Amino acid sequence: MTDIPGYALLGGVNAPADLRRLPATELPALALEVRRYLIETLGRIGGHFAANLGTVELSIALHRAFDTPHDRLVWDVGHQAYPHKMLTGRRARLETIRRLGGLAPFCHRAESEYDTFGVGHSSTSISAAAGMAAAVRVKNEKRRVVAVIGDGGMTAGMAFEALNHAGHLKLDMLVIYNDNDMSISENVGALRNHSARLLRRLGIDAPHKQRPASEDHNEAHLDNPGAIFETLGFGYHGPVDGHDLDALGAALERLRDASGPQLLHVVTVKGKGFDPAELDPIKYHGVTQFDPVTGAFPRKKTAGAPSYTQVFGQWLCEAAAADPAVVAITPAMREGSGLVDYAQRFPERYFDVGIAEQHAVTLAAGLACEGLKPVCAIYSTFLQRGYDQLIHDVAIQNLPVLFALDRGGLVGADGATHHGAYDFSYLRCIPNLVVMAPSDENECRRMLATGLTLQQPSAVRYPRGNGSGVACDAEARPLAVGKGRILREAHGRRRPRVAILAFGAMVQPALEAAEIFDAVVADMRFVKPLDTELILELANENDLLVTLEDNARLGGAGSAVNEVLVAQHHTVPVLNLGLPDQFIEHGTREELLAQCGLDTAGIQRAVAKRLRSRDLDRPSSAQSA
């Protein structure tokens, strides 16, 4: 037993087996300690907050009712799994979560045997649990399988695909439908409104009361509230108060050994037990340091450069004000994508589709078919989930959809599941698609304006965080498609002569590194179409070309440059710098760039090493010209 001052019960829970030995009468006090530990710890270090406060009792009840890890517990997304981590031997390391070398931000199979499935993107839990339940049947084992999914995650088509299949197979599994009326922002959709009407009829005090569903709806279906799940082959149970440990325990005891697919509807409050988070769960979804008593955040420093997200949001409002054909789509990322102001100013031209990236992309295609100008605001890592739709529904039909890809490159503490590490690679191989990467805020605005003028699909990929502080033009003027620019000329002091071809956010470190080698620096601007004329000009004038990107080296922008040179039979040596062929874990963006050799010092080391290579000793075309 481990004593923690002020945590008499929590200090003795180092594994679920300890939890199961506690008398039921002590569980409410344990829940209070878990919640207080979360508030105090995350007040110091930040992290995903409100969602975890909402799953304290649920985590306790699940680990008490089921024999984990023998019984499989699969969490969706992982925003809400901090209590789960605390109860499974990782409480002492919670201080390290999301930090370099520390606990993973989400469930991670390599971290603990209790993390049965790695997560980060939503709506995977039912599919994974169905696979595990099917394996139990094939292997003729005796174990239970439980998936926990939120009402936000249930908006994704993948969740219904899994329900449909598991119901057809009659798998022995339990789905916990954790209904708190929230994704990161408020949940949307017909299923959400059904739940709001149901809870109102039952007189249940739930977050849904703050946004009641419309009255003009036939409520006869509420006589069988679980009909939609029963149609898919699941037994429906609930709703149950997700903060009532007795009610939760009783429901889980009833369902633990039930045969066939079962679904338990649990109603929780995001931010439960911390008034500021209950009142504003959006603000407290993911937090920096805050006062664990008042919830107050430290006073912000003097405003510096705006974030790329803010730049996009402001540009979009300007574009929509000037052109009534501009519409915006987001898959449940209103705040994260900078669409709050737009949603308020242009509600009729704003479409939050919920966590449904595939639908978001094809919805944009349909809007484009009717002459509108859709802007699909989506994180780079989430567009991966709509890749077939991008090809099949947008690119093949050459529809003018503009994709605003936030979080390109390394994003930091959310880790491998959230890095936008592959977009250059997976976008540049698609015909008809124009791919742009801005080096600063003004370039971002100009590229967005460029995309809006094109009669073909386009993507503007920009990083998380602030810009470099450049002044933005009053009017965002479109760029010439496929044309880069030289930002630094060489002064002729050094040999061999080096040119750095930088893409997007890597332009600034390229400029800094170039001072050492007196290198030419080109801001390539376009990943597709490439400025082949500029590439060949630099190849003819220099002894070494260096390509620089915060994307996977394999198949990325540097590979595209190589293809141009090979096609022209050009033999200039090339050094491709980018992300290595491995998944990058969590840490700050600065730490991870340094780890990958993409900070200024790392770039200088790589170039210096390459300049020592023997193939640069021969006279080059630049030296012999």
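Visitor: Which residues of helix H20 meet which residues of helix H21?

Guide: Thr532, Ile535, Leu536 and Ala539 in H20 meet Val561, Val564 and Leu565 in H21, where contact means heavy atoms within 4.5 Å. This is a predicted model, in which local features need pLDDT of at least 70 and side-chain atom pairs count only at pLDDT 80 or more, while totals for chains, interfaces and linings use all residues. Residues are numbered from 1 along each chain as its sequence is written, and side-chain values use heavy atoms, with hydrogens and water left out.

Visitor: What makes H20 and H21 helices here, and why is their packing called roughly perpendicular?

Guide: Helices are DSSP runs of H or I of at least four residues, strands are runs of E of at least two, and both are numbered from the N terminus. H20 covers residues 532-541 and H21 covers residues 557-567. Their axes are 10 Å apart and meet at an angle of about 70 degrees, with axes being lines fitted to C-alpha atoms (for helices over the stretch in contact) and angles running from 0 to 180 degrees between N-to-C directions. Angles of 65 to 115 degrees count as roughly perpendicular (under 35 is roughly parallel, over 145 roughly antiparallel, the rest oblique), so H20 is roughly perpendicular to H21.

Visitor: How do you know that the length of helix H23 agrees with its number of residues?

Guide: The expected span is 1.5 Å times one less than the number of residues. For the 12 residues of H23 (600-611) that should be 16 Å, and the end C-alpha atoms are 16 Å apart, so the two agree.

Visitor: Why are the buried residues of H23 said to line one face?

Guide: Buried means under 20% relative accessible area, exposed over 50%, and partly exposed in between (1.4 Å probe, protein chains only). In H23, the buried residues are Thr600, Gly602, Ile603, Val607, Arg610 and Leu611. Seen down the axis, they fall within an arc of 170 degrees, so they line one face of H23; the arc is that of the directions from the helix axis to the C-beta atoms. Arg605 and Lys609, on the other side of H23, are exposed. Among the elements covering the buried residues are strand S15 (498-502), helix H19 (507-517), strand S18 (544-552) and strand S19 (574-579).

Visitor: Why is Lys209 called exposed or buried?

Guide: Lys209 has a relative accessible area of 53%, which is over the 50% mark, so Lys209 is exposed. Lys209 sits in the loop between helix H8 and helix H9 (227-231).

Visitor: And what about Thr88 and Ser337: why are they classed as they are?

Guide: Thr88, in helix H5 (residues 82-90), has a relative accessible area of 6%, so Thr88 is buried. Beyond its neighbours within four places in sequence, Thr88 contacts Asn14, Pro16, His63, Ser112 and Tyr114. Ser337 belongs to the loop between strand S8 (326-330) and helix H13 (340-345); at 1%, Ser337 is buried too. Its contacts, not counting residues up to four places away in sequence, include Thr309, Phe312, Tyr379 and Asp406.

Visitor: What makes strands S9 and S17 edge strands?

Guide: Two strands pair if DSSP finds at least two bridges between them. In the open sheet with the order S9-S8-S10-S11-S13-S12-S17, pairing is mixed. S9 (350-352) and S17 (526-528) each have a single partner strand, so one side of each is left without a neighbour in the sheet.

Visitor: How do you know that S11 and S13 pair?

Guide: Five bridges join S11 (residues 402-408) to S13 (residues 458-463), against a requirement of at least two, so they pair, and they run parallel. Phe403 stands opposite Ala459 in S13.

Visitor: What makes Asn432 and Asp518 worth a look?

Guide: Most residues other than glycine have a negative phi, and most peptide bonds are trans. Asn432 has a positive phi, near 75 degrees, and Asp518 one of about 50 degrees. Asn432, at 32%, is partly exposed, whereas Asp518, at 4%, counts as buried.

Visitor: Which peptide bonds leading into Pro69 and Pro529 are cis or trans?

Guide: The bond from Thr68 to Pro69 is cis, with omega near 5 degrees, and the bond from Lys528 to Pro529 is cis, with omega near -5 degrees. Pro529 lies in the loop between S17 and H20.
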